[in-house]
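Here are some exercises to work through with the model open beside you. Try each task by yourself, then follow the solution step by step.

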Amino acid sequence: MSDEAAPLVQMSGIDKSFGGLRALADVSVDLFPGEVVGIVGHNGAGKSTLIKILSGALRRDSGEIRIEGTLADINNPRDARALGIETIYQTLALADNLDASANIFLGRELLTKARTLNEEAMASEIQGVLERLQIKIPSIREPVINLSGGQRQAVAIGRAIYFNARILIMDEPTAALGPQETRMVGDLIKRLKSEGIGIFLISHDIHDVFDLSDRITVLNGGKVVDTVRTQDVTKDQVLGMIILGKRIEEETEEDLASLH
């Protein structure tokens, strides 16, 4: 990540209400190439609403989104994908009965001149993506229901990367994974960063956030408490922002002691 690079994403002054509930209030976040920004906060803090606006699942009430400096009008997931934005939800949205190749091309299959599925071409393309990302699965012909949690996560990431995602939104990518598979997904995220891909990481696991994020944005009550560089803060300070809704310079020793 270079501080002089243009941001991949700039979300500025984002507001969103549901009836009388203001879910987001003047929220601003940004993301640079090759950077992971952790988005953290309690349930109801606004994390899901924010990523759904960027992914096109929800429309903002006000504010603006810029992608590589250009104003973007994101009205649906198709608009987001056209801008290189892909979302990997915790559920992964994989078809368990299909193999890795079929899942990656689901809805965007390659066809032969005779308009039949070109399974050989799809398998070849996917093998290249898996090798590029150093993803190892038993077989691309194996139904994904037989894969481990980490391998399934890798298939979902491979699908996004094949279709030229530059911006990834990852929702709880290591949830329910063991230590070895968590490391596998962490290594994969580092390889994506090295290719200049920017990642918004939504997680309740503060350890994952510290292990994987370059910066952390804390939301509380639909507002940004602060955005901090991970290397400049402690887990207790970030927990304080999450729980107390205070910036680090506003936290007292008594505040931090109350967290334990």
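**Exercise 1. Work out the strand order of the six-stranded sheet, and find which strands stand at its edges.**

Solution. Start with the order, which reads β6-β7-β8-β3-β9-β10 in an open sheet with mixed pairing. Helices (H or I, at least four residues) and strands (E, at least two) are DSSP runs numbered from the N terminus, and two strands pair if DSSP finds at least two bridges between them. Next, look for strands that pair on one side only: these are β6 (85-88) and β10 (223-229). Finally, take the twist: neighbouring strands here are turned by 20 degrees against each other on average, direction ignored. Axes are lines fitted to C-alpha atoms, for helices over the stretch in contact, and angles run from 0 to 180 degrees between N-to-C directions.

Before going on, a word on the model: it is predicted, so local features need pLDDT of at least 70 and side-chain atom pairs count only at pLDDT 80 or more, while totals for chains, interfaces and linings use all residues. Residues are numbered from 1 along each chain as its sequence is written, and side-chain values use heavy atoms, with hydrogens and water left out.

**Exercise 2. Describe how β6 is joined to β7, and name the helix that packs there.**

Solution. First, β6 and β7 (residues 167-171) run parallel and are joined by four bridges. One pair to locate is Ile88 with its bridge partner Met170 in β7. Then turn to helix α5 (residues 149-162), which packs on the sheet and touches both β6 and β7. Contact here means heavy atoms within 4.5 Å. The direction of α5 makes about 170 degrees with that of β6.

**Exercise 3. Trace the four-stranded sheet from edge to edge.**

Solution.
- Write down the order: β2-β1-β4-β5, an open sheet with antiparallel pairing.
- Mark the edges: β2 and β5 (70-72) each have a single partner strand, so one side of each is left without a neighbour in the sheet.
- Add the twist: between neighbouring strands of this sheet the average turn is 30 degrees, direction ignored.
- Place the helix: α1 packs on the sheet, touching β1, β2 and β4, and its direction makes about 115 degrees with that of β1.
- Count the bridges of β1 (residues 9-18): seven join β1 to β2 (residues 21-31), and five join β1 to β4 (residues 62-67).
- Check the register: in β2, Lys16 has Leu24 as its bridge partner and Ile14 has Val27, while Asp15 stands opposite Ser62 in β4.
- Inspect the turn: the hairpin of β1 and β2 has two residues between the strands, and Gly19 there takes a positive phi near 65 degrees.

**Exercise 4. Which residues line the largest cavity, and how do they divide by class?**

Solution. The structure holds one cavity of 30 Å³ or more, and its space is about 30 Å³. On a 1 Å grid over the protein atoms alone, a cavity is a set of points where a 1.4 Å probe fits but cannot get out, and a pocket is an open set with protein on both sides within 12 Å along at least five of seven lines; lining residues have an atom within 4 Å of a point. Grid points are joined across faces, edges and corners, and a volume is the space filled by probe spheres set on the points.

The lining is made of Met11, Val29, Ile39, Leu50, Ile51, Leu54 and Phe200. Helix α1 (residues 47-55) gives the most, with three residues. By class, the lining has seven nonpolar, no polar and no charged residues. Ala, Val, Leu, Ile, Met, Phe, Trp, Tyr, Cys and Pro count as nonpolar, Asp, Glu, Lys and Arg as charged, and the others, Gly among them, as polar.

**Exercise 5. Characterise the largest pocket and the second largest pocket.**

Solution. Begin with the largest pocket, with a volume of about 400 Å³. Its lining has 19 residues, of which Arg81, Glu86, Thr87, Arg108 and Arg159 lie nearest the centre. β6 gives the most, with four residues, and the lining divides into 11 nonpolar, four polar and four charged residues.

The second largest pocket has a volume of about 150 Å³. Its lining includes Leu21, Arg22, Lys47 and Gly222, and β2 and α1 each supply at least two residues. The classes here are three nonpolar, seven polar and two charged.

**Exercise 6. Is Thr174 buried or exposed?**

Solution. Thr174 is found in the loop between β7 and α6 (179-194). Thr174 has 9% relative accessibility, so it counts as buried; the cut-offs are under 20% relative accessible area for buried and over 50% for exposed, with partly exposed in between (1.4 Å probe, protein chains only). Leaving aside neighbours within four places in sequence, Thr174 is in contact with Thr182, Val185 and Asp208.
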